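This report looks at a bound ligand and at the cavities and pockets of the protein. Start with the structure below.

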Amino acid sequence: MAHATSLGSHRHSSPPPQGSAAGGARSRAVVVAAAVTALGGLLFGYDTGVVSGALLFLQKDFGTLGAFQRELVTATLLIGAAVGALVAGRLADRIGRRMTVLITAAVFIVGVLGASLAPVFAFLVVTRFVIGLAVGSASMVVPMYIGEIAPPRYRGALVSFNQLAITSGILVSYLIDYGLASSQNWRLMFGLAAIPAALLFIGMLTQSESPQWLVAQDRTDEARAVLTRYRAADEVDDEMDALAHNVEQSQEEVGVRSLLAPKLRGLLWVGVLMAVFQQVTGINTVIYYAPTLLKTAGFGSSSALLANVVNGAVNVGMTIVAIKLLDRVGRRVLLLSGTAGMVVGMLVVALTFAIGGDHLHGGGAVVAIVGLLVYTGSFAIGLGPVFWLMISEIYPSKVRASAMSVATIANWLANFVVTISFLTLLSWISNAGTFFLFAGLTVVALLYFAVRVPETKGRQLGDVQARTPSAANAA
Ligand code: BGC
C-alpha cells in the first residue's frame, strides 16, 4: 500500500497574491474540486443514515423482520466499507485518485439503484454490501484527493469539510426519511442517492488528476499543468519540487510492515484506538437506530423521524462550530470536552431508561431525547471531526496513506461490531444496561485520549511522535 501524498512536504507557505482575478479563479477551482469530491462524503453520510428511517418500513415488502435481519441490512454496508477502504487505497495508487473516484461513483449508482429495486430481502442485503464498497472507498479517497489538491494553508479546513459533508448527508437522509414516512416509500429513500452519485460521476469527469499522483507516475508535465490551475505562477516551481521530494521519500516506503517499526507503532495505536473508540462509544447506534429505539419507546413513526431530523441538524451545526474552533483552541480541548459531554449525554439517556423502563412517556421521553442531542452534539464537536483530522496529521508522509488505511479499516470494523450487536444487546441487557455500557466505554476513551493523544495544532505534519501529550506540547 505505497501511496504518495503531497501532505506535509510543502516547503513554501507564503500565500499567493490575493485579490487578483486570477487568484480568485484559482481559489474557486480548488473549492469546486473539493466540493465535487465531497459529494463522496455526502453519499457516505446519506447511505449510512438513510437506513435508520427505511428500517421502519421494510416490513411492508418483506414481512416482519427480526432484530438480526435489521442489524444485517444495516451492518453489511459496513463490511463492504472495510473492504472498499482497503481496495481503494491500492486502486488510488495504481490507476489514480480521479479514476478511483469515478469507479466509486459508478458503484454507488449500481448499489443504490439495486437496493431500491430489491425484489427479495437477501438481494437488499447484497446491494447494501455493494453500496458499502463505495462508502468505504469514498471515506478513504475523498480526504486523500482533497488533501492533495488543497493549498497547505487551507488543508485543515478542507479535510474537516469532508466531515461536514458526511453529517450533511446524514441530515439530508433524515429529511428524506421524514418526508417519505407517510408513503412508507423505503425504495425511494435508498434510490434518491443515485442523484448525488450521478453528480459526483459527472463532476469528477470535469476535474483533474491529483498532481501528486501524476508526479509519482513520472507525468510531470501534466502535473505542472494541473498545478497551474490551482496555484499562482510563483508557487508552481516550489510545489513541483516538494511533490518530487515526496515521491522520493515514498520510494523508500516498504508498506504496512514499516508501520510496525518501534518509532511508528505508538502512533499506529493512537490511530487505531481512536478509530475503535469513535465507534464503540455508540455514535452509530444513535445515527442508525434512533427512530427504531424511539418507536419502541412509544413514539409514532413520524415523530420518531422528526426527532431524528433534529438530531441530524445538531450534528451538522456542531460540526460547523468544530471547524471554526479546531485551528483556534486546538484538537485536544475539543476532543476532551466533547468526549466528556458524550459521557453526560449517554448517562442521561441510560438513567432515563433505568427510571422509566424501556417504554417512555411525556417528560421521560423528552429527557431521553435531550440526552441524545447532548451526546450527538458533543460527538460532533470532538471525536467526530478530530478522529479523521488526527489520522491525516499524525503520520509522517512516508507511511501516511498506509496508516490512514489501517485506521479507516479499524473504524469500519468496529462500527460493524457495534451495529451488528446493538439491537440484540438491547434485548439482552435492556436499554438502560446498553447505554450504561456505552457511557462506561466513553469514560475509558476519555482517559485514553487525555493520556495518549497529542496536540497537533500548528505542528508540522509528520513531526508528531508517539509521546505523551505533555511531552508533545512541550516540544
Ligand atoms: C463517523 C461515522 C459517523 C459520523 C456521524 C463520522 O466521523 O466516522 O461513523 O456516522 O461521524 O456524524
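## Basis

Helices (H or I, at least four residues) and strands (E, at least two) are DSSP runs, numbered from the N terminus. This is a predicted model: local features need pLDDT of at least 70, side-chain atom pairs count only at pLDDT 80 or more, and totals for chains, interfaces and linings use all residues. Residues are numbered from 1 along each chain as its sequence is written, and side-chain values use heavy atoms, with hydrogens and water left out.

## The ligand shell

Which helix gives the most to the shell around the ligand? It is α7, with three residues. Residues around the ligand (a heavy atom within 4 Å of it) include Gln163, Thr167 and Ile170. Gln279, Asn284, Asn315 and Phe379 are also among them. By class, the shell has three nonpolar, nine polar and no charged residues. Here Ala, Val, Leu, Ile, Met, Phe, Trp, Tyr, Cys and Pro count as nonpolar, Asp, Glu, Lys and Arg as charged, and the others, Gly among them, as polar.

## Polar contacts and burial

A polar contact is a pair of N or O atoms within 3.5 Å. Gln163 places a polar side-chain atom 2.9 Å from a ligand oxygen. For Gln278, a side-chain N or O atom is 2.9 Å from an oxygen of the ligand. Trp388 has a polar side-chain atom 3.0 Å from a ligand oxygen. The ligand alone exposes 320 Å², and the protein buries 100% of that (Shrake-Rupley method, 1.4 Å probe).

Elements that give two or more residues to the shell are α7 (155-179), α13 (262-280), α18 (383-393) and α19 (400-452).

## The largest cavity

On a 1 Å grid over the protein atoms alone, a cavity is a set of points where a 1.4 Å probe fits but cannot get out; lining residues have an atom within 4 Å of a point. The whole structure holds seven cavities of 30 Å³ or more. The largest has about 200 Å³ of space (the volume filled by probe spheres set on the points). The ligand takes up this largest cavity, by the test that more than half of its atoms lie within 2 Å of the grid points.

The lining counts 18 residues, with Phe44, Ile166, Gln279, Asn284 and Phe379 nearest the centre of the cavity. By class, this lining has nine nonpolar, nine polar and no charged residues.

## The second largest pocket

A pocket is an open set with protein on both sides within 12 Å along at least five of seven lines. The second largest has a volume of about 400 Å³. Of its 21 lining residues, Arg70, Thr292, Leu293, Thr296 and Leu423 lie closest to its centre. This lining divides into eleven nonpolar, seven polar and three charged residues.

Note on methods: Polar contact = N/O pair within 3.5 Å; in protein donor to acceptor, adjacent residues only side chain to side chain.
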